[in-house]
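Me: Please take a close look at one part of this model, the chain C subunit. I would like its sheet and its contacts with its neighbours, in one connected account.

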Number of protein chains: 4
Amino acid sequence: MSENNVNAYLLLTCPDQNGIVAKITQFIYHSGGNIIALDEHVNQNQEFFSFRVVWNMKNSTIPASELHAAFEPLAKEFKAHWRIEFSGQKQRVAIFVSKYDHCLQEILWRYNMNEYEIEIPLIISNHPDLQHIANAQNIPYHVFPITKENKQEQEAKEIALLKEHDIDLVILARYMQVLSPGFIEAYRNKIINIHHSFLPGFVGGNPYKQAYERGVKMIGATSHFVTEDLDEGPIIEQDIMRITHKDTIPDLIRKGRDLERIVLARALSYKAEHRIIVDGTRTIVFG
Amino acid sequence: MSENNVNAYLLLTCPDQNGIVAKITQFIYHSGGNIIALDEHVNQNQEFFSFRVVWNMKNSTIPASELHAAFEPLAKEFKAHWRIEFSGQKQRVAIFVSKYDHCLQEILWRYNMNEYEIEIPLIISNHPDLQHIANAQNIPYHVFPITKENKQEQEAKEIALLKEHDIDLVILARYMQVLSPGFIEAYRNKIINIHHSFLPGFVGGNPYKQAYERGVKMIGATSHFVTEDLDEGPIIEQDIMRITHKDTIPDLIRKGRDLERIVLARALSYKAEHRIIVDGTRTIVFG
Amino acid sequence: MSENNVNAYLLLTCPDQNGIVAKITQFIYHSGGNIIALDEHVNQNQEFFSFRVVWNMKNSTIPASELHAAFEPLAKEFKAHWRIEFSGQKQRVAIFVSKYDHCLQEILWRYNMNEYEIEIPLIISNHPDLQHIANAQNIPYHVFPITKENKQEQEAKEIALLKEHDIDLVILARYMQVLSPGFIEAYRNKIINIHHSFLPGFVGGNPYKQAYERGVKMIGATSHFVTEDLDEGPIIEQDIMRITHKDTIPDLIRKGRDLERIVLARALSYKAEHRIIVDGTRTIVFG
Amino acid sequence: MSENNVNAYLLLTCPDQNGIVAKITQFIYHSGGNIIALDEHVNQNQEFFSFRVVWNMKNSTIPASELHAAFEPLAKEFKAHWRIEFSGQKQRVAIFVSKYDHCLQEILWRYNMNEYEIEIPLIISNHPDLQHIANAQNIPYHVFPITKENKQEQEAKEIALLKEHDIDLVILARYMQVLSPGFIEAYRNKIINIHHSFLPGFVGGNPYKQAYERGVKMIGATSHFVTEDLDEGPIIEQDIMRITHKDTIPDLIRKGRDLERIVLARALSYKAEHRIIVDGTRTIVFG
């Protein structure tokens, strides 16, 4: 069945208990699935079980369209949170930007190289500055200028647009606005930000100036899911770069751009490959 | 059953086929085992399946002493190579040294910190120089001077000593002698070497001199299993260090020591934690 | 004198001897220059002296146009090879490409961000594939298809074009042709290549396939000046990325692209900032 | 003059002004010194000049014993803070420990390898636990138990002991006591601490627990000079290690030990090589 020649991705979390892996892999085996990858994690206090398994459905006796229903009884038995994704079903990603283009350019370049199994149907900004980049890629670019007065209203329009385009994931690619709690709630664990600092090192603004004045020997960047606690959401990826006394604040900003690009690009790839499970304040990123 | 309050480690390789994971995890589940970690890998050409699973046996209905026999039928069905190890059963490690002490010291320090679940019943050397270090740790130190003439004979004595002490693993901690094929055959995939170079960069002697003259900007070290092809055995771990034009050959040697220590120490930890499976010229090191 | 409000860069090498630094800094001091940065290096066998000094000419009594003549007697005394560059005098760079765009894109993005003090008056390729990227940046794109028969002739045209445009530096951004000795001679130490491997690890073609088969735990990339000995020119910059058994050859190619981009971009920045001196088979890259 | 066959290290800071380098190198040249290394730095706001120069005195017409007096007039002209050190004059280092031995062991191993040009005449501790390590090295080990009541008194004894042994540098190798301001004042910029965290990330206690709970993807360590502001002294060196969700708090502690060892060892080497100048809240570590 050529329609089934796809891979299924199951991501599941539940209270830890015996037999979960045996029962799930049995289910896959009996359906004719061939496991390609699997990984599991039990957290430190032995209560929270996380599981990711990928299998090929070429010989599956269960069509993709019926897999969700077929698996549901098992999931109920485990009291699990879970979802099944399929290869070929591209995640629909909206990118939010302001005036800096480096993270946007990096993502678009990888998108064009087909590094991600995603679709980018639109770019949203509070400024018109990066319109030309979107144009060059033939991606619609929507400008919603934000003021204190119109924020709720503009965000409502943005959310409507996201819904209309069936957006699965929002990437804040150096988007310089704080999202309202309502927006965050609507896309819980589906908004990824890049913080231009090695959290929790320099929370807040001007981290490169802080880094210079504190005389640190490394700067970093952090990508995380957005929560109501600014800069406190579950961390997905971090990296650092070595600096010296010779680096001025402009040097740090320039080096920081490189970090921001690479860290956000990696976080997006983990998400695109269905590798991430959120466990409270932490993420599990399966390798 | 307190005797069973241990973890079992199954490492298994076999031709790839459907249902392996399901059947093994079913076996564990039915025996009352609670899976702590599992990981699998299918190689690029989809033929070679590798599997590692760890489970707690506290509530196991099969005693540790009977586990091997109980699992054997399933292993036969898969035509598998496999072994089961238990926590608490310390691997018995012999360390071979010559005159450099840095790798030996590093391993002994971690050994004393209980970082490894191993026992070191003896140290073997072709020189008496490091006797005092062994003495300070109360580890017997055996000297077997090697000449072209006596090599076979001395190695035979070494192997006899290893057998007598039930040695599971040989660590060449900057041991400056090439082992004979017979020795290697007797401890296939059980001899770990540290090569003071980033393989395959500078094969052979004096890699730091080669690195200096070639003007490379990084030096490295490589830990690998020993095979008959010198410096060509399956690589377990590698790391590098950034250098500049300012580094003289003595600087490279000094920096190289740090690399050698850390890379060999990591390779040993992977082995001690039963994380490594050899697949031809490559290793699988489960994370 | 506003014309003089520039920085001068002196790069000088000569046989090692006493008093060089004193005499040069005295020269700068007496001319009214204010030293911003200086660095020196004497090689391991104490024979080859390298020096880089940067000074501001705001209060210089010697105009930039006369600096070369003013310094010449001192340089002769030292039997030095030397050159003086000025800030604001952008190096003129030609980029050579074939079909891969990642290195080109990376350089153009940084060029647009003004990270380099360079001018890119033209892009040369043996294929028409990347024309659209050049067009988007309004940079002339010249195609010279190369066959065994027409190579000399085409290279002669390329060199003529480079001369016509006063090119100071050639960047081979994954240009898949070997340059003839005559070309190399014409731009000695002025052609920078990116080698998609951690030299001297996997010399030659298909390094990622070699890396996979050898089971290395890290891949790398190397940027070097081009000499007649393929892959043996003085190394400017290298970096590595950690890999595992899970990485297939396509994964390595993808990760390798990231390395190639970053390593070539760094090498270009060192050159653009007049930081590199070549000492035989090695480079000195002043920090 | 064989007594003069040593290297002199000049470290100097002063308000930035023209001609400093010229005059100092002239001084060295006229004295018959041969410059081996020099480096300078002007801070971002162009006010604070730092300089390090190393020269060989084999042919010096000024004996080492008279060099200080000979240079003084120039230093006064620049209103400089400065000092001159000589190779062969080993810095005298006291190591402070509590119960953890890893940093102490690391330093002693490198000390025995002659990596540092230092002398360690004594180890001071508030606990008797590591006495045996000192004994094995024949280094006197002094125990000063600290309580809230006796702290001033015990520190006074420690300082007396340091003075008696002409100690130049104090290394806090995981010494678990906060030093009083008086102690710090007595050894301003001469006390190096290792902070088991990537500052300013997790200030204060239990950083590994904090790191686990915050779900960071990297842990770090920081070595800094001790000031009255706990954890806020000028940073000398930092490094990080990548971690994952699999790492438990004990794993982080174990990995953190490796970081602490290496970061403190590097900071000590920079100090031993007279590479560090303190500029307010920052350090300049010459390469």
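Reply: Start with the sheet of chain C, in what is a predicted model. Seven strands build an open sheet here, ordered E7-E6-E5-E8-E9-E10-E11, and the pairing is mixed. Strand E7 (141-143) and strand E11 (235-242) of chain C stand at the edges. Each has a single partner strand, so one side of each is left without a neighbour in the sheet. From one strand to the next, the twist averages 20 degrees.

Now go inside that sheet. Strand E5 (residues 91-97) and strand E8 (residues 169-172) of chain C run parallel, joined by four bridges. Within this part of the sheet, Ile95(C) stands opposite Ile171(C) in E8(C).

Chain D offers a sheet to set beside it. Its open sheet of seven strands has the order E7-E6-E5-E8-E9-E10-E11, with mixed pairing. Strand E7 (141-143) and strand E11 (235-242) of chain D stand at the edges. Each of these strands has a single partner, so one side of each lacks a neighbour in the sheet. Neighbouring strands in the chain D sheet are turned by 20 degrees against each other on average, direction ignored. An antiparallel pair in chain D is strand E9 (residues 191-195) with strand E10 (residues 218-225), over four bridges. There, His195(D) stands opposite Thr222(D) in E10(D).

Next, the interfaces of chain C. The size of an interface is often given as the accessible area lost when the parts come together.

Take chain B as the partner. The contact draws 38 residues from chain C and 38 residues from chain B. About 3,300 Å² is buried between chain C and chain B, and carbon and sulfur atoms give 49% of that area. Six salt bridges are counted between chain C and chain B. A salt bridge also links the side chains of Asp239(B) and Arg242(C), at 3.5 Å from N to O. The rule finds 21 residue pairs in polar contact across the interface of chain C and chain B, both residues at pLDDT 80 or more.

Which elements of chain C supply at least two residues each to the side that touches chain B? They are E2, helix H7 (207-214), E11, helix H8 (249-272) and strand E13 (282-285). E11(C) gives the most to this side, with seven residues. E11 of chain C is also an edge strand of the sheet described above. By class, the side of chain C that touches chain B has 15 nonpolar, 10 polar and 13 charged residues.

Turn to chain D as the partner. Here 19 residues of chain C and 19 residues of chain D make the contact. The area buried between chain C and chain D is about 1,600 Å², with 50% from carbon and sulfur atoms. On the chain C side, Asn18(C), Tyr29(C) and Leu38(C) lose the most area to chain D. Together they account for 32% of what that side buries.

How many salt bridges are counted between chain C and chain D? The count is zero. The rule does find three residue pairs in polar contact across the interface of chain C and chain D, both residues at pLDDT 80 or more. Helix H1 (20-30) and strand E2 (34-42) of chain C each supply at least two residues of the side that touches chain D. The largest share of that side, seven residues, comes from E2(C). E2 of chain C also supplies at least two residues of the side that touches chain B. The residues of chain C that touch chain D divide into seven nonpolar, eight polar and four charged.

Chain A meets chain C too. Glu106(A) and Arg261(C) join their side chains in a salt bridge, 2.5 Å from N to O. This pair crosses between chains, from helix H3 (residues 102-112) of chain A to helix H8 of chain C. H8 of chain C is also among the elements that supply the side touching chain B. Over all chains, the count comes to 84 salt bridges.

Last, some backbone details in the partner chains. The peptide bond from Leu199(A) to Pro200(A) is cis, with omega near 0 degrees. Pro200(A) is placed in the loop between strand E9 (191-195) and helix H7 (207-214) of chain A. In chain B, a cis peptide bond joins Leu199(B) and Pro200(B), with omega about 0 degrees. Pro200(B) is in the loop between strand E9 (191-195) and helix H7 (207-214) of chain B. Asn114(A) has a positive phi, near 60 degrees, in a residue other than glycine. Asn114(A) lies in the loop between H3 and strand E6 (118-125) of chain A.

Conventions
Residues numbered from 1 in each chain as written. Chains lettered and ligands numbered in written order. Predicted model: local features only at pLDDT ≥ 70, side-chain atom pairs only at ≥ 80, totals over all residues. Heavy atoms only, no water. Contact = heavy atoms within 4.5 Å. Buried area = accessible area lost by both parts, 1.4 Å probe. Salt bridge = Lys/Arg side-chain N within 4 Å of Asp/Glu carboxyl O. Polar contact = N/O pair within 3.5 Å; in protein donor to acceptor, adjacent residues only side chain to side chain. Nonpolar A, V, L, I, M, F, W, Y, C, P; charged D, E, K, R; others polar. Pairing = 2+ DSSP bridges. Axes fitted to C-alpha atoms, helices over the stretch in contact; angles between N-to-C directions.
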